[in-house]
Amino acid sequence: MDKASGNIVPMVASNGARPVIDLVAENEEILRRYKALLRSIRGQRTVEETRLVRKAFNIAVEAHKTQRRKTGEPYIYHPIAVARICAEEIGLGATSVAAALLHDTVEDTDITLDDVKDLFGPTVANIIDGLTKISGMQFQTGSAQAENFRKVLLTLAQDVRVILIKLADRLHNMRTLGSMARDKQLKIASETSYLYAPLAHRLGLYNIKSELEDLSLKYTEPEIYEEISAKLKKGEAVRKRFISRFIVPIREALQEEEFPFVIKGRPKSVFSIYKKMLKKNVSFEEVYDVFAIRIIIKTKPELEKADCWKVYSIVTDYYQPNPDRLRDWVSIPKANGYESLHTTVMSPGGKWVEVQIRSERMDEIAEMGLAAHYRYKDDEEHATALDAWLSRIRDVLDDPTSDALDFVNDFKLDLFSDEIVVFTPNGEMRNLPSKATALDFAYDIHTQVGRQCIGAKVNHKLVPLSQPLRSGDQIEIITSKKQLPKEDWLNYVVTAKARQRIKQSLRDQKKKLAVVGREAVQLQLRTWGAKVNAPNIETLVEYFRSNSAMDLYYQIARGKHVLETVEGVSIKAGKLILPKRKRADDERSLEEVVAEIRGDQQGALLIGDDLKKIDYKLSSCCNPIAGDDVFGFITLDEGIKIHRVNCPNAVQLMSNYAYRIVKARWKGKDTVEFLAGIKFSGIDDVGLVNKITTIISHEHNVNMRAISFESHDGIFEGKVMAFVHDTDHLNSLMDKLKRVRGVRSVERVDQ
Ligand code: MN
């Protein structure tokens, strides 16, 4: 089971009452679900495979028979559902289905890993072991989540099925998240959008990725989610009419060419629409590509590419393409295996429409990602792209000294970014994330090449290291033996590998510098007449509050501390004695702060005037006001910071520092006023500014802190920072502003 979901409950209710359950009907339902699972496994199953799945099913049913899910359903529904996702939505085979059925047995039942090994052999046992380790990893150290993620990737590099089953497990937990407590929902949803959705994306599991993102949004931003999905639903009929009209000429032409094909019109995911709204700062109505048209052709492997282009030429015979928006992943697939030809064309109604063209095989890869590669076993070329990516992961993971949290952040850059394709001087192709620089390329070739890189020639022209590359560039790296990686190189690179390797080099350089510092320390100790020994060095470490002797040496070599100026030194029998330096408040350890807060309060942190003794601040990144859904984040030097649950930083905080999160809610009415930002835009009109300021300051009796207006080409945009009592107050003010004639949009902003 996923530890985070904690959705296991004993069969007997805690009050001892036995719920009335029709066990016969339930057993029938379990069997029905099992049969549906069997049917969902693709292709021909051998007798052994069927036997394997049945055996796994029988053992899982027996092992979980006393457990129920939070919903009251038999627990076995969960492993069956996870196994079915593996078969149906990821296209995995019998071994994975068996492992999915057993995935929670070792962690949650009496079955041991040895039992699994005896019964099912080493392959299934290894998968279960991987899955058990991943979920057992949480809440252990400071950056437990990050460490956890690293573990996930380590296992991934060994047997990809572990992560695929884990994703299926997470997907089912997300689909059934409704029965969990709100704080758990938030935590699981954040972790999902932070770790699992990007991972699904990287593995090419587009459908699963979109569903994970949508479900996360549903729990973190329920109102926004409902609003967008309601609008999508409302527009469905119009969209269908539009699509059927749009494809008429294409359909006819394709039929004439005798291409067997399917055309689908698919709406984009709620999450991707929301992301676009945020990124372009537009309303739902202004997002023009809420759906894409997909043409899937049946064709012979050797004709795939030519046929895709043939369809492209038919489409663009009827509709004018936008030359800037042609994406050819047919000639060069993405590193995660995605192949497709995308173009955006102008429809008769004056709307841009994205058209995706691909073969059936490409479509299956796009939907099922990685696993599909394994089914096309003879598909050498694409297996190589995947292997290259996996070996890149192993490369990064190779560095055992790197900080886990750092690692995740570096790695996420790789997970999220799009790709470019560049070439070596010999014409060898390399995939890199977009925005990668010449320096990234150098490190991609070899660590040594990166370390000694002094410049590059891009398409035969000399460019600096920091030059961002573009698809199609041919790069030659210029090296020098004298070169050493610099601190600011970290600003020039986007790949995890380059970042990790540069940090490693900087650490090595630091070690060298520390040798100089150590000599200085030893010399000074002798000058004072003190012994050069560990206790005396420790005294200095404490005095300067360095993290370690190594740190102290480095700081001294860099001139951060000066030994000669230390006052009040005395020596007793070679022992160095230094005066105590008063410890400032802000140097309390995190543990001390946490203990203090934890000891002070049960349950949620109440924010209000009676809680003055707890030092909290409203964070300035999202400016929470009374009534907002909030949480507290324990900081080292500023007490607790209150963030909105939908703060742009919340996801990262919640998933990386779960142990520093405290529940928080507002208590009662407060006389305090909160600073909130409102942004509005509309048609520029004489007197409009006046009207708005009047509403804010007089009618609503609100104090403004700042107001700004900008106007160009008849459109004005304005922002006001004003003091309000709570969300009700803010909403009523915004409603009033919306009703002003000429005002087109009014929205809350964080800063
Ligand atoms: Mn599970």
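In what order do the three strands of the open sheet with antiparallel pairing stand? The order is β12-β11-β13. Before looking closer at that sheet, here is some background.

This is a predicted model, in which local features need pLDDT of at least 70 and side-chain atom pairs count only at pLDDT 80 or more, while totals for chains, interfaces and linings use all residues. Residues are numbered from 1 along each chain as its sequence is written, and side-chain values use heavy atoms, with hydrogens and water left out.

**The chain as a whole**

The chain has 28 helices and 24 strands. Both kinds of element are DSSP runs numbered from the N terminus: helices are H or I with at least four residues, strands are E with at least two. Of the chain's 751 residues, 50% count as buried, meaning under 20% relative accessible area (exposed is over 50%, partly exposed in between, with a 1.4 Å probe and protein chains only). Take contacts, that is, heavy atoms within 4.5 Å: among those between residues at least 6 apart in sequence, 68% join residues at least 24 apart.

How sure is the predictor? That is what pLDDT tells you, its confidence in each residue from 0 to 100. The chain averages 80, and 80% of the residues score at least 70. Among the elements, helix α3 (residues 77-89) has the highest mean, 94, and helix α25 (residues 590-600) the lowest, 47. Over residues 584-591 the pLDDT is below 50, and this stretch has 11 contacts in the model beyond near neighbours in sequence. Residues 609-613 also stay under 50, with six contacts beyond four places in sequence.

**Back to the open sheet**

Strands count as paired if DSSP finds at least two bridges between them. The edge strands here are β12 (461-463) and β13 (475-479), each pairing on one side only. From one strand to the next, the twist averages 30 degrees. Gly455 stands opposite Ile478 in β13. Helix α20 (residues 438-445) packs on this sheet, touching β11 and β13, and its direction makes about 80 degrees with that of β13.

**Strand β21 and its partners**

Strand β21 (residues 674-683) is mostly covered, with eight of its 10 residues buried. It pairs with β23, where Lys719 is the bridge partner of Lys679. In β24, Val749 stands opposite Gly677. Here are the bridge counts for these pairs, along with one from the open sheet:

| Strand | Partner | Bridges and sense |
|---|---|---|
| β21 | β23 (residues 715-724) | 10 bridges, antiparallel |
| β21 | β24 (residues 743-749) | Six bridges, antiparallel |
| β11 (residues 453-458) | β13 | five bridges, antiparallel |

**Two packed helices**

Helix α22 (residues 496-528) and helix α23 (residues 534-544) pack at an angle of about 105 degrees, with their axes 12 Å apart. Axes are lines fitted to C-alpha atoms, for helices over the stretch in contact, and angles run from 0 to 180 degrees between N-to-C directions. The two helices are therefore roughly perpendicular, a label for 65 to 115 degrees (under 35 is roughly parallel, over 145 roughly antiparallel, the rest oblique). Val521, Leu525 and Trp528 in α22 meet Asn536, Ile537 and Leu540 in α23. By class, this contact has five nonpolar, one polar and no charged residues. Nonpolar covers Ala, Val, Leu, Ile, Met, Phe, Trp, Tyr, Cys and Pro; charged covers Asp, Glu, Lys and Arg; the others, Gly among them, are polar.

**One serine**

Ser96 sits in helix α4 (residues 94-101). At 3% relative accessibility, Ser96 counts as buried. Leaving aside neighbours within four places in sequence, Ser96 is in contact with Arg161 and Ile165.

How values were computed:
pLDDT is the predictor's confidence in each residue, from 0 to 100.
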